[in-house]
Amino acid sequence: MVAQTAAFKKAVEDSRKLKAKPNNDELLELYANYKQGTGEDFSKATQPGTFNFQEKYKYNAWKKVAVEDKVTPSTAQQHYVQLVEKLKGTYGFSA
């Protein structure tokens, strides 16, 4: 596991306090950056079955961040924090 910054930990908590649910693309982006930001090893991820669409979308989003874009865990944490701040502005936030 990778050391998590205070800003990342706060963003994870804040993401749970959004007043409305983000759209699917935003949720996938949050998921992928969270998984990468916590230092989980994509190479050990199990590829979902053909008809498990939700897990397949999540797997592919993480694959894009981890393998295709080669985002480091620290950069993924920064992306996650920035996205949560944007979502707080879009959907509102319960402090």
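I will talk through one helix of this structure, H2, together with the pocket it lines and a loop residue further along the chain. Please keep in mind that this is a predicted model, in which local features need pLDDT of at least 70, side-chain atom pairs count only at pLDDT 80 or more, and totals for chains, interfaces and linings use all residues. Residues are numbered from 1 along each chain as its sequence is written, and side-chain values use heavy atoms, with hydrogens and water left out.

To set the scene, the UniProt record, an unreviewed entry, lists residues 4-93 as "domain: ACB", an annotation that may be inferred rather than shown by experiment. Over residues 4-93 the chain is 66% helix and 0% strand, where helices (H or I, at least four residues) and strands (E, at least two) are DSSP runs, numbered from the N terminus.

Now to H2 itself, which covers residues 24-37 and reaches 19 Å from its first C-alpha to its last, close to the 20 Å expected at 1.5 Å a residue, that expectation being 1.5 Å times one less than the number of residues. At its N-terminal end Asn23 acts as the cap, with a side-chain oxygen 3.0 Å from the backbone nitrogen of Asp25, and after the helix comes Gly39, whose phi is positive, near 85°.

Which helices do the buried residues of H2 pack against? They pack against H1 (6-15), H3 (53-68) and H4 (73-91), and among these buried residues are Leu30, Ala32 and Asn33. Asn33 has a relative accessible area of 5%, and it counts as buried because that term means under 20%, with exposed over 50% and partly exposed in between (1.4 Å probe, protein chains only). Leaving aside residues up to four places away in sequence, Asn33 touches Val65, Ala76, His79 and Tyr80, a contact being heavy atoms within 4.5 Å.

H2 also matters for the next topic, since it gives the most to the lining of the largest pocket, with 6 residues. That pocket has a volume of about 350 Å³, and of the 15 residues that line it, the closest to its centre are Asn24, Leu27, Leu28, Tyr31 and Lys58. On a 1 Å grid over the protein atoms alone, a pocket is an open set of points where a 1.4 Å probe fits, with protein on both sides within 12 Å along at least five of seven lines, and lining residues have an atom within 4 Å of a point. Grid points are joined across faces, edges and corners, and the volume is the space filled by probe spheres set on the points.

Finally, Lys70 is found in the loop between H3 and H4, is exposed, with a relative accessible area of 64%, and has a phi near 50°, a positive value in a residue other than glycine. Most residues other than glycine have a negative phi.

How values were computed: Polar contact = N/O pair within 3.5 Å; in protein donor to acceptor, adjacent residues only side chain to side chain.
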